[in-house]
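Colleague: I have a few minutes before my next run. Can you walk me through this one?

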Amino acid sequence: MNDDCLFCKIAAHHVPATIVRDDGDVLAIRDINPQAPTHILVLPREHVESAAHLTAEHERLWGRILTVAQEIARDEGIEAAGYRLVSNVGRAGGQTVAHLHVHLLGGRQMTWPPG
Ligand code: 5GP
Ligand code: ZN
């Protein structure tokens, strides 16, 4: 755990969040500022800064993150219509919380390109 990291604190239940899934290794929380009817963040409990910091040892964990995202999309009823998975990396990528997370957005029509 990184004591300065918001998502590490959420994973440790030191900061409250609406947790929709916790399988030990992977956590899913509702975004505090939702940009779509469904806006969930899927993240590892382990502090990994971003997708750029994943190593070969994380391959199983990364796969698990995507599996959890897929399962939640099904639970949220947005699977058939489609949804967006996105992970911002670094400053220019728009990342504001330096703990790897995948945004799961759905329940409305997404547009492209994103801002
Ligand atoms: P990023 O900008 O790093 O890709 O995404 C960070 C996300 O975390 C943003 O969508 C933001 O709304 C969300 N967020 C920031 N602080 C909190 C918080 O305290 N709780 C929750 N649940 N989400 C947060
Ligand atoms: Zn962290």
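Modeller: Sure, and bear in mind that this is a predicted model. I'll start with A12, which sits in the loop between α1 and β1.

Colleague: Is A12 buried, partly exposed or exposed?

Modeller: A12 is partly exposed, with a relative accessible area of 27%.

Colleague: How far is A12 from R45 in space?

Modeller: Their C-alpha atoms are separated by 8.4 Å, and A12 and R45 are 33 residues apart along the chain.

Colleague: What about H13, where is that?

Modeller: H13 is in the loop between α1 and β1. H13 has a positive phi of about 65°, although it is not a glycine.

Colleague: Why mention the sign of phi?

Modeller: Most residues other than glycine have a negative phi.

Colleague: Is H13 buried or exposed?

Modeller: H13 is exposed, at 54% relative accessible area.

Colleague: On to the metal. Which residues coordinate the zinc ion (ligand 2)?

Modeller: The zinc ion (ligand 2) is held by C5 and C8 through SG, and by H47 and H99 through ND1. The distances run from 2.0 to 2.3 Å.

Colleague: How are those donor residues spaced in sequence?

Modeller: The pattern is C-x2-C-x38-H-x51-H. Take C8 and H47 as a pair: they link distant parts of the chain, 39 residues apart. C8 belongs to helix α1, residues 6-11. H47 is in the loop between β3 (38-44) and α2 (59-75).

Colleague: What is the geometry around the zinc ion (ligand 2)?

Modeller: The arrangement is tetrahedral, because the four donor atoms subtend angles of 104 to 116° at the zinc ion (ligand 2).

Colleague: And what would the ideal angle be for four tetrahedral donors?

Modeller: The ideal is 109.5 degrees.

Colleague: Is C8 buried or exposed?

Modeller: C8 is buried, with a relative accessible area of 2%. H47 counts as partly exposed, at 27% relative accessibility.

Colleague: Next, E49. Where does it lie?

Modeller: E49 is in the loop between β3 and α2. E49 is partly exposed, with a relative accessible area of 39%.

Colleague: What does E49 touch, leaving out residues up to four places away in sequence?

Modeller: E49 touches Q95, A98, H99 and L100 on that basis. H99 is also one of the zinc donors.

Colleague: How far apart are E49 and E79 in space?

Modeller: Their C-alpha atoms are separated by 28 Å, with the two residues 30 apart along the chain.

Colleague: Let's follow the Q95 contact. Where is Q95?

Modeller: Q95 is found in the loop between β4 and β5. Q95 counts as buried, at 16% relative accessibility, because the cut-off for buried is under 20%.

Colleague: Which backbone atoms does the side chain of Q95 pair with?

Modeller: A polar atom of the Q95 side chain lies 2.9 Å from the backbone oxygen of E49. A polar atom of that side chain also lies 2.8 Å from the backbone nitrogen of G90.

Colleague: What else is in contact with Q95, beyond neighbours within four places?

Modeller: The list includes S50, N88, V89 and H101.

Colleague: How far is Q95 from A12?

Modeller: C-alpha to C-alpha, Q95 and A12 are 21 Å apart, and 83 residues apart in sequence.

Colleague: Now pockets. What is the volume of the largest pocket?

Modeller: The largest pocket has a volume of about 740 Å³. It is lined by 32 residues, and the closest to its centre are D31, Q35, H39, L41 and H103.

Colleague: Which elements supply the lining?

Modeller: At least two residues each come from α1, β2 (26-30), β3, β4 (83-86) and β5 (102-106). The largest share, three residues, comes from α1.

Colleague: Tell me about H39, then. Is it buried or exposed?

Modeller: H39 is buried, at 5% relative accessible area. H39 is in strand β3.

Colleague: What polar contact does the side chain of H39 make?

Modeller: The H39 side chain makes a polar contact with the side chain of H103, at 2.8 Å. Setting aside residues up to four places away in sequence, H39 also touches others, including I29, R30, D31 and L105.

Colleague: Last one. Which peptide bond is cis?

Modeller: The bond from W112 to P113 is cis, with omega near 5°. P113 lies in the segment after β5. Most peptide bonds are trans.

How values were computed
Residues are numbered from 1 along each chain as its sequence is written. Chains are lettered from A and ligands numbered from 1 in the order in which they are written. This is a predicted model: local features need pLDDT of at least 70, side-chain atom pairs count only at pLDDT 80 or more; totals for chains, interfaces and linings use all residues. Side-chain values use heavy atoms; hydrogens and water are left out. Donors are N, O and S atoms within 2.8 Å of the metal (3.2 Å for Na, K and Ca); water is not among the atoms, so sites may look incomplete. Four donors count as tetrahedral if all angles lie between 85 and 135 degrees; four count as square planar and six as octahedral if opposite donors are over 155 degrees apart and all others between 65 and 115; anything else is irregular. Helices (H or I, at least four residues) and strands (E, at least two) are DSSP runs, numbered from the N terminus. Buried means under 20% relative accessible area, exposed over 50%, partly exposed in between (1.4 Å probe, protein chains only). A polar contact is a pair of N or O atoms within 3.5 Å; within protein, one must be able to donate a hydrogen and the other to accept it, and residues adjacent in sequence count only if both atoms are side-chain atoms. Contact means heavy atoms within 4.5 Å. On a 1 Å grid over the protein atoms alone, a cavity is a set of points where a 1.4 Å probe fits but cannot get out, and a pocket is an open set with protein on both sides within 12 Å along at least five of seven lines; lining residues have an atom within 4 Å of a point. Grid points are joined across faces, edges and corners, and a volume is the space filled by probe spheres set on the points.
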